[in-house]
Every structure is written in structure tokens, then in C-alpha cells.
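The following exercises are to be worked with the sequence and the coordinates at hand. Each task is followed by a solution in steps.

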Amino acid sequence: MIRNAAILGAALALVLGASACGGGGGNGNDEASTTTEATTTEASGGGGASASGKLEGETGPSFSIEVKQNGEDAESVKAGTYTLKVEDKSDQHNFHLIGPGVDKVVTDVGFVGDKTVTVTLKKGTYTYQCDPHASSGMKGTFEVT
Ligand SMILES: [Cu+2]
């Protein structure tokens, strides 16, 4: 009885040892499956036609007109191409931008809503105004440097 138990024990040890070796071999296979991640590089600031900045204009609903950059009154902006989004909040007013190389009526008097245009600003002084009320002071200016 005791001898048989010893033989059984030895057999078990052999089986365990064999399975341990098998496990080691299995681990080697995992190294073959390496994942390669694709890296995407974004082209930045490449096109000369793309806008370099944003400006926001607002005319109405009262007798006020303004141009903002980054949420603040635009007083001095750098020369370049800009996306100008104008919110026209009244059918009594329009939005007209005048300056070096630009003479653009972005929104008409009867128009109400948003309009986005692309403007190229050069060094100098630009005036934005509501044409029917410019003489009453519904206008402003900003410098392009
Ligand atoms: Cu007006």
C-alpha cells in the first residue's frame, strides 16, 4: 500500500513537471503576436488659403455694431485671412466692412441671421458700419498690424 502511494506520487510529479514545461513553451508563442499601431500625423497650417483666425461681428438688434476676437472687442488684429461670422439681429441694420482691399457688405439691411465670409486683412484701419445709420454713429474701427 505504502509503496504504491509512493509510485503514484512520483507519477504525479512527472505529470506536473511535463505540464509546466508545456506552459513555458506556450508563453513563447505570445511574443509573435505584436500589435503595430498606426500613427497619424496631422498637417498643420499648410494651405495658404486657409483662414488664420476668427472674427465675430454683430449688428443690432439695437443701434449697435461690433467686431470681436476671442470674445473681446477687436481693436488690433494681425494681418491675415480671417473667417468673419456676422450675426445680424435686425432687419433695420446691415453689416459693411471697409478697409484696405476690402469693401464687403456681409449682411443686407433686410437680412436677419448669421453669415460667414472669409476676408483677407492687410495693414491699416478697417471700418465696420451699418450703412443707413453710420452717420448716427453706428460704426466702429479696428487696426490691422
Ligand atoms: Cu443700422
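**Exercise 1. Strand β4 and its sheet**

Task: Determine which strand pairs with β4, and in what sense; then place β4 in its sheet.

Solution. Step 1: strand β4 (residues 76-77) runs parallel to β10, and two bridges join them. In this predicted model, S76 is found opposite E143 of β10.

Step 2: continue from β10 (residues 139-144) to β9, with which it pairs in the antiparallel sense over six bridges. Within this pairing, T127 faces T141 in β10.

Step 3: on β9 (residues 124-129), follow the pairing to β6 (residues 95-99), which is antiparallel and comprises three bridges. Here L97 and Y128 of β9 stand opposite each other.

Step 4: assemble the order. The result is an open sheet of five strands, β4-β10-β9-β6-β7, in which the pairing is mixed. Since β4 and β7 (102-107) have a single partner strand each, they are the edges, so one side of each lacks a neighbour in the sheet.

**Exercise 2. The other five-strand sheet**

Task: State the strand order of the open sheet that contains β5 and β8, and identify its edge strands.

Solution. Step 1: the order is β3-β2-β1-β5-β8, an open arrangement of five strands with mixed pairing. The edges are β3 and β8 (113-121), each of which pairs on one side only.

Step 2: examine the pairing of β8 with β5 (residues 80-88). These strands run antiparallel and are joined by nine bridges. T83 has T118 in β8 as its bridge partner.

**Exercise 3. Backbone features in two loops**

Task: Describe the peptide bond from G60 to P61 and the phi angle of N70, and locate P61 and N70.

Solution. Step 1: the bond from G60 to P61 is cis, its omega being near 0°. P61 belongs to the loop that links β1 (53-59) and β2 (65-69).

Step 2: N70 has a phi near 55°, which is positive although the residue is not glycine. Its position is the loop between β2 and β3.

Step 3: classify N70 by its surroundings. N70 counts as exposed because it has 9 C-beta neighbours inside 10 Å, and the cut-off for an exposed residue is 12 or fewer.

**Exercise 4. The surroundings of K123**

Task: Is K123 buried or exposed, and which residues distant in sequence does K123 contact?

Solution. Step 1: K123 is part of the loop between β8 and β9. It counts as exposed, because 11 C-beta neighbours lie inside 10 Å.

Step 2: set aside neighbours within four places in sequence; K123 is then in contact with A79, V144 and T145. For A79, which is 44 residues away along the chain, the C-alpha separation from K123 is 5.9 Å.

**Exercise 5. The largest nonpolar core**

Task: Name the residues with the most contacts inside the largest nonpolar core, and find which elements contribute to this core.

Solution. Step 1: this core comprises 16 residues, and F95 and Y128 have the most contacts inside it.

Step 2: two or more residues come from each of β2, β5, β6 and β9. The contribution of β5, three residues, is the greatest.

Step 3: list the contacts of F95 beyond four places in sequence: G57, T59, I65, V86, D88, V106, T107, Y128 and C130.

**Exercise 6. Confidence of the model**

Task: Which stretches have a pLDDT under 50, and how many contacts beyond near neighbours do they have?

Solution. Step 1: take the chain as a whole. The average pLDDT is 79, and 65% of the residues score at least 70.

Step 2: consider residues 5-36, where pLDDT stays under 50 and the model has zero contacts beyond four places in sequence. Residues 38-48 likewise have a pLDDT below 50, with zero contacts beyond near neighbours in sequence.

Conventions:
Residues are numbered from 1 along each chain as its sequence is written. This is a predicted model: local features need pLDDT of at least 70, side-chain atom pairs count only at pLDDT 80 or more; totals for chains, interfaces and linings use all residues. Two strands pair if DSSP finds at least two bridges between them. Helices (H or I, at least four residues) and strands (E, at least two) are DSSP runs, numbered from the N terminus. A residue is buried if 20 or more other C-beta atoms lie within 10 Å of its own, exposed if 12 or fewer, and partly exposed in between; C-beta atoms are placed from the backbone. Two residues are in contact if their C-beta atoms, placed from the backbone, lie within 7 Å. pLDDT is the predictor's confidence in each residue, from 0 to 100. A nonpolar core is a set of buried Ala, Val, Leu, Ile, Met, Phe, Trp, Tyr and Cys residues joined through C-beta atoms within 7 Å.
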